[in-house]
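User: I am new to this structure and would like to know the reasons behind the labels. Please walk me through them.

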Amino acid sequence: MKSSPIILVDDDQEDCEFVQLAMEELKIKNKLIVFHKSAEVLEYLKNMPVRPFFILCDVNMPMMSGLELKEKIDADKVLCERAVPFLFLSTSIQQNLVNKAFLLRIHGFLKKPSSLEGYKTILTAAMNYWEISAYPQV
C-alpha cells in the first residue's frame, strides 16, 4: 500500500505540474494519477484494485466540488470502507469550507502553495505521515 498511487484531483494544469515536479525532485516513487474532473475519480476508485496511498483534492472544482466528491465517496460503502486518506488543497482558507470539510472526515485542509518549494513541503509532510500511519484492513 505504501507504494500505491497518489491521486491528484485538480483542474489547474499549473498546480498539477507543480505536484508532478515536486514528486520528481523528492524522488517519490509512487505513481501520480491526475484527474481534472471529480466525477472521473469516483469511477476510477470504484474499479481500482488497490487502495491509493492518499488523495490530494482541490476544493473548488467545476461541476462537482471537492466537498461533493468527498460526500459521494463517503456515501459509497465500498469506497468509504477503503478509508483512503483525503487531503484538501485550496488557494484560500475559508473557515466555513474548513468546517464543512472536517465534518466529512477529511485528513487535512492545506493552503495551496504558490511555489515548487511549497509543494515539496506539503508532499514531504504527507508522505512522512502516511508512511508511518496504520490503516484499517478491509
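User: What share of contacts joins residues at least 24 apart?

Analyst: This is a predicted model. Take contacts in the chain between residues at least 6 apart in sequence: 70% of them join residues at least 24 apart.

User: How many helices and strands are there, and in what order do the elements run?

Analyst: The chain has six helices and five strands. Starting at the N terminus, the order is β-α-β-α-β-α-α-β-α-β-α.

User: What makes the chain as compact as a globular protein of that length?

Analyst: Set the radius of gyration against the globule rule. The chain has 14 Å, and the rule gives 14 Å for 138 residues, so the chain is as compact as a globular protein of that length. Along the principal axes, the C-alpha atoms fill a box of roughly 35 × 30 × 25 Å.

User: How much of the chain is buried, and what supplies the exposed area?

Analyst: Buried residues make up 51% of the 138. The chain exposes about 7,400 Å², and 56% of that comes from carbon and sulfur atoms.

User: How far apart are the mean positions of the positive and negative charges?

Analyst: They are 7 Å apart, for 16 positive and 18 negative charges.

User: Why is phenylalanine 88 called buried?

Analyst: Buried means under 20% relative accessible area. Phenylalanine 88 has 0%, so the label applies. Phenylalanine 88 sits in strand S4, residues 86-90. Leaving aside neighbours within four places in sequence, its contacts include Cys57, Val59, Leu67, Ile106 and Phe109. Valine 98 is 10 residues from phenylalanine 88 along the chain, and their C-alpha atoms are separated by 9.2 Å.

User: Why does valine 19 count as buried?

Analyst: Its relative accessibility is 2%, so valine 19 counts as buried. Valine 19 belongs to helix H1. Beyond its neighbours within four places, valine 19 is in contact with Leu8, Leu32, Tyr119 and Leu123. From valine 19 to isoleucine 33 the C-alpha distance is 11 Å, with their positions 14 residues apart in sequence.

User: Aspartate 15 is in helix H1 too. Is aspartate 15 buried or exposed, and how do you know?

Analyst: Buried: the relative accessible area of aspartate 15 is 11%, and the cut-off is under 20%. Not counting residues up to four places away, aspartate 15 touches Asp10, Lys112 and Tyr119.

User: Where is asparagine 30, and why is it called buried?

Analyst: Asparagine 30 is in the loop between helix H1 (13-25) and strand S2 (32-35). Its relative accessible area is 9%, so asparagine 30 is buried.

User: What does the side chain of asparagine 30 reach?

Analyst: It reaches the backbone oxygen of serine 4, at 2.7 Å. A polar contact needs N or O atoms within 3.5 Å, and 2.7 Å meets that distance. Among the residues that asparagine 30 touches, outside four places in sequence, are Ser4, Ile6, Met23, Phe53 and Met127.

User: What makes methionine 127 buried?

Analyst: Its relative accessible area of 12% does, because buried means under 20%. Methionine 127 lies in helix H6, residues 116-132. It touches Ile6, Ile28, Asn30, Phe53 and Phe54, not counting residues up to four places away. Methionine 127 and valine 78 are 49 residues apart in sequence; their C-alpha atoms are 24 Å apart.

User: Why is lysine 27 called exposed?

Analyst: Exposed means over 50% relative accessible area. Lysine 27 has 64%, so lysine 27 is exposed. Lysine 27 lies in the loop between H1 and S2.

User: What is the phi of lysine 27, and why mention it?

Analyst: Phi of lysine 27 is positive, about 60°, although lysine 27 is not a glycine. The reason to mention it is general: most residues other than glycine have a negative phi.

User: Which value does phi take at methionine 63, and where is that residue?

Analyst: Phi of methionine 63 is near 70°, a positive value in a residue other than glycine. Methionine 63 is in the loop between strand S3 (54-58) and helix H3 (66-75).

User: Is methionine 63 buried or exposed, and how do you know?

Analyst: Exposed, because its relative accessible area is 75% and the cut-off is over 50%.

Methods:
Residues numbered from 1 in each chain as written. Predicted model: local features only at pLDDT ≥ 70, side-chain atom pairs only at ≥ 80, totals over all residues. Heavy atoms only, no water. Helix = DSSP H or I, 4+ residues; strand = E, 2+ residues; numbered from the N terminus. Rg over C-alpha atoms; globule rule 2.2 N^0.38 Å. Buried < 20%, exposed > 50% of the residue type's maximum accessible area, 1.4 Å probe, protein only. Contact = heavy atoms within 4.5 Å. Areas by Shrake-Rupley, 256 points an atom, 1.4 Å probe, with all protein chains shown as cover. Lys, Arg positive; Asp, Glu negative; His and termini not counted. Charge placed at Lys NZ, Arg CZ, Asp CG, Glu CD. Polar contact = N/O pair within 3.5 Å; in protein donor to acceptor, adjacent residues only side chain to side chain.
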